[in-house]
Amino acid sequence: MRSAPRAEGALLLSAKRRGAGTVIADLRQSGPMKALFPQVRGDALQAVFLNAAGGLTGGDKMQIDISTALGAHIVVASQAAERAYRAQPGQIAQVTVTLDARSGGRIDWLPQETILF
């Protein structure tokens, strides 16, 4: 029995201070992991992440790495609730999240809930 193709994606986002605000220092996106940057007022960088694969199932691997440089502030939210679907026995989905705020930096992490199907 052949296994179905699985989704693998990564979002690596770092922010740095520029003047009174925070801007993107580095951005890497692969697979279904994407970031959007809404136009908002304020000193913090606003980022919205999404999984364009439409959910998670056995064998999927997603990685999210968010970091700030000295004094930077980033607000990261998910676009919508993540869906997790039933998988075959022995298969698991893996989501790894790493948040790294340097001295004086701040990360507001605001993911929405996970819905199990």
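Arg 28 and Asp 26 join their side chains in a salt bridge, with 3.4 Å from N to O. The term salt bridge here means a side-chain nitrogen of Lys or Arg within 4 Å of a carboxyl oxygen of Asp or Glu. Behind it sits a simple idea: side chains of opposite charge can pair when their charged atoms come close.

Before going on, a word on the model. It is a predicted one, where local features need pLDDT of at least 70 and side-chain atom pairs count only at pLDDT 80 or more, while totals for chains, interfaces and linings use all residues. Residues are numbered from 1 along each chain as its sequence is written, and side-chain values use heavy atoms, with hydrogens and water left out.

**The salt bridges**

The structure has 3 salt bridges, and here they are:

| Pair | N to O distance |
|---|---|
| Arg 28 and Asp 26 | 3.4 Å |
| Asp 100 and Arg 102 | 3.2 Å |
| Arg 106 and Asp 108 | 2.9 Å |

How open are these residues to the outside? Relative accessible area sorts that out: buried means under 20%, exposed over 50%, and partly exposed in between (1.4 Å probe, protein chains only). Asp 26 comes out partly exposed at 32%. Asp 100 is partly exposed too, at 31%, and its partner Arg 102 is partly exposed at 49%. In the remaining pair, Arg 106 counts as partly exposed with 46%, whereas Asp 108 is buried at 19%.

**The open sheet**

Next up is the sheet. Strands (E, at least two residues) and helices (H or I, at least four) are DSSP runs, numbered from the N terminus. Two strands pair if DSSP finds at least two bridges between them. An open sheet of 4 strands follows the order β2-β1-β5-β8, and its pairing is mixed. β2 and β8 (94–101) stand at the edges with a single partner strand each, so one side of each has no neighbour in the sheet. On average, neighbouring strands here are turned by 10° against each other, direction ignored. For that angle, axes are lines fitted to C-alpha atoms (for helices over the stretch in contact), and angles run from 0 to 180 degrees between N-to-C directions.

Let's walk across it, strand by strand. β1 (residues 8–18) and β2 run antiparallel and are joined by 9 bridges; Ala 10, for instance, has Ser 30 in β2 as its bridge partner. β1 also pairs with β5 (residues 61–68), this time in the parallel sense over 8 bridges, and Ala 15 is matched with Thr 68 in β5. Then β5 and β8 run parallel, joined by 8 bridges, with Ile 64 opposite Val 97 in β8. As for which way side chains point, in a regular strand they alternate between the two faces of the sheet.

**Thr 22, a buried spot in β2**

Thr 22 sits in strand β2 (residues 21–30). Is Thr 22 buried or exposed? With a relative accessible area of 8%, Thr 22 is buried. A polar atom of its side chain lies 3.0 Å from the backbone nitrogen of His 73. Contact means heavy atoms within 4.5 Å. Setting aside residues up to four places away in sequence, Thr 22 touches several others, including Ala 15, Asp 43, Leu 45 and His 73.

**The core**

A nonpolar core is a set of buried Ala, Val, Leu, Ile, Met, Phe, Trp, Tyr and Cys residues joined through side-chain atoms within 4.5 Å. Which of the 17 residues in the largest nonpolar core touch the most other members? They are Met 33, Phe 49, Ile 66, Ile 74 and Val 76. The elements giving two or more residues to this core are β1, β3 (33–36), β4, β5 and β6 (73–78). Ile 74 touches, among others beyond four places in sequence, Leu 13, Ala 15, Ile 66 and Thr 68. Its contacts also include Arg 106 and Asp 108, the two partners of a salt bridge.

**Two glycines in loops**

Gly 54 belongs to the loop between β4 (45–51) and β5, and is partly exposed at 36%. Gly 54 and Pro 32 are 22 residues apart in sequence but 8.7 Å apart in space, C-alpha to C-alpha. Leaving out neighbours within four places in sequence, Gly 54 is in contact with Arg 83 and Tyr 85.

Gly 90 is found in the loop between β7 (82–84) and β8. With a relative accessible area of 83%, Gly 90 is exposed. Between Gly 90 and Gly 58 there are 8.2 Å in space, C-alpha to C-alpha, and the two are 32 residues apart in sequence.

Key
Polar contact = N/O pair within 3.5 Å; in protein donor to acceptor, adjacent residues only side chain to side chain.
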